[in-house]
Structures are given as structure tokens and as C-alpha cells.
Amino acid sequence: MELVEINQKIGKALDKLYKEDLLLFDKNLCERCINHRFAIYLEQQNFGEGYFIDCEYNRSHLHENTSVKRVSSPNGNYIDIIITKRDENYKNDLICFEVKKWNNFKNREKDRENLEILTAGVRFGYDYGFYIIFGETREKTKIEIYQNGRNINQ
């Protein structure tokens with residue numbers, strides 16, 4: 001799937017999130033709650049047959065070895081949202097997301113480092129990584145895109 005199409009699908013999911021669930025932002029609810037709703041709207045965008053949208057995913061299938069997903073922590077990492085086929089072929093890992101709210105500055109550099117690692121194609125096979133900083137409004141939402149281990153927005 002091309003990046004242009006992926007961006008459109010993510011944009012539509014964000015639009016729906018802010019239209020249908022603005023209360024989550026107005027009431028300053030936790031990131032996990034917002035991520036869950038965003039994942040629901042991503043799922044409605046149809047990323048292709050066999051793809052699933054999962055939250056807080058922590059398994060890796062690199063080289064047919066199912067193990068805890070160790071990205072930047074020796075104890076394992078939970079990736080906020082992924083789009084994958086859930087099979088043992090790491091090449092079927094399409095997109096990974098790290099997500100923060102506008103008022104959460106904790107571990108932002110670690111999240112960026114995770115996206116670099118997840119998209120580098122060495123230990124993991126995600127085609128794209130998205131770092132989304134949810135704004136208080138849709139217009140204030142910021143997105144960074146990672147591919148081949150680097151931020152391609154720069």
C-alpha cells in the first residue's frame with residue numbers, strides 16, 4: 001500500500017475520532033482510551049485483507065521466532081497501535097504507531113527511537129511508523145512519519 005493512500009486512511013480515522021469522540025479530548029481522558037477509539041476508526045478504513053489493528057501489541061515474529069517485542073527495552077515494549085497480519089512473517093507488519101497527547105511530554109524521544117528501530121528493516125519489518133501527537137483539536141494534531149529507520153517529514 002502506498003504512503004499517499006495510508007495517509008488518507010489515517011486522516012479519515014483522525015477526522016472521525018475528533019468528530020465522534022471530542023469529549024475524550026475535552027475531558028482530558030487518558031491516552032489508552034483515545035488510542036482505543038482511534039484504533040476502532042483505523043479498523044474501519046480497510047488496510048487490506050488479513051490485516052488487523054491491535055493496541056498495546058508486544059509480540060515479535062522475527063525469523064519465525066515468536067517472542068516478547070524488544071525494541072528499546074530489554075524487558076520488552078508495547079507498541080501503542082499496529083497494523084499487521086498477525087502471522088509469523090514479519091514482512092506482513094505494515095504500520096506501527098506511537099501516540100501521545102498534547103500535554104504528555106514523557107518519553108517522546110524514546111517513542112521516536114522505537115519508530116526508527118521498528119521501521120529500519122533490520123529487526124522488525126514495519127513499512128511505516130507514525131508518531132501522532134493528539135492535539136486538543138484535530139487541527140492541532142501533529143504527525144511524524146518514519147520509513148527505513150528515519151523520520152521522512154524532515
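Author: Helices (H or I, at least four residues) and strands (E, at least two) are DSSP runs, numbered from the N terminus. With that numbering, N148 lies in the loop between β7 and β8 (150–151). The model is predicted.

Reader: What is the phi of N148 near?

Author: Most residues other than glycine have a negative phi. N148 has a positive phi, near 50 degrees, and is a residue other than glycine.

Reader: Is N148 buried or exposed?

Author: A residue counts as exposed when its relative accessible area is over 50%. N148 has 58%, so it is exposed.

Reader: Where is N107 found?

Author: N107 is in the loop between β5 and α4. Its phi is also positive, near 60 degrees, again in a residue other than glycine. Partly exposed is the class between under 20% and over 50%. N107 is partly exposed because its relative accessibility is 39%.

Reader: Now the interior. How many residues does the largest nonpolar core have?

Author: In soluble globular proteins, nonpolar side chains tend to be buried together. Here the largest nonpolar core holds 27 residues, and I10, F38, F97, F130 and F134 have the most contacts inside it. At least two residues of this core come from each of α1 (3–20), α2 (22–26), α3 (31–43), β4 (79–84), β5 (93–101) and β6 (128–134). The most come from α1, which gives 7 residues. Another core, of 11 residues, lies apart from this one; I79, I82, L115 and I133 are among its members.

Reader: Which residues does F97 touch, not counting residues up to four places away in sequence?

Author: With those neighbours left out, F97 touches I10, F38, L42, I79, D80, I81, I83, F130 and I132.

Reader: How do I read a strand such as β6? How many of its residues are buried?

Author: In a regular strand the side chains alternate between the two faces of the sheet. In β6, 7 of 7 residues are buried. One side carries Y128, F130, I132 and F134, the other carries G129, Y131 and I133, and both faces are covered.

Reader: In which sense do β5 and β6 pair?

Author: β5 and β6 pair in the parallel sense, over 7 bridges. One bridge joins V99 to I132 in β6. Between these two strands the chain passes through helix α4 (residues 108–119), and β5, α4 and β6 make a right-handed β-α-β unit.

Reader: In which sense do β6 and β7 pair?

Author: β6 pairs with strand β7 (residues 142–147) in the antiparallel sense, over 5 bridges. In this pairing F130 stands opposite I145 in β7.

Reader: Back to the helix. How many residues does α1 have, and how far does it reach from its first C-alpha to its last?

Author: α1 has 18 residues and reaches 25 Å between those two atoms, close to the 26 Å expected at 1.5 Å a residue.

Reader: Which residues of α1 are buried?

Author: They are L3, I6, K9, I10, G11, A13, L14, L17 and Y18. The cover over them includes α2, α3, β5, β6 and β7.

Reader: K9 is in that list. Why does K9 count as buried?

Author: The cut-off for buried is under 20% relative accessible area. K9 counts as buried because its relative accessibility is 13%. This residue of helix α1 touches M1, Q45, N46 and F47, not counting residues up to four places away in sequence.

Technical notes
Residues are numbered from 1 along each chain as its sequence is written. This is a predicted model: local features need pLDDT of at least 70, side-chain atom pairs count only at pLDDT 80 or more; totals for chains, interfaces and linings use all residues. Side-chain values use heavy atoms; hydrogens and water are left out. A nonpolar core is a set of buried Ala, Val, Leu, Ile, Met, Phe, Trp, Tyr and Cys residues joined through side-chain atoms within 4.5 Å. Buried means under 20% relative accessible area, exposed over 50%, partly exposed in between (1.4 Å probe, protein chains only). Contact means heavy atoms within 4.5 Å. Two strands pair if DSSP finds at least two bridges between them. A crossover is right-handed if, with the strands pointing away from the viewer, the path from the first strand over the helix to the second runs clockwise. The expected span of a helix is 1.5 Å times one less than its number of residues.
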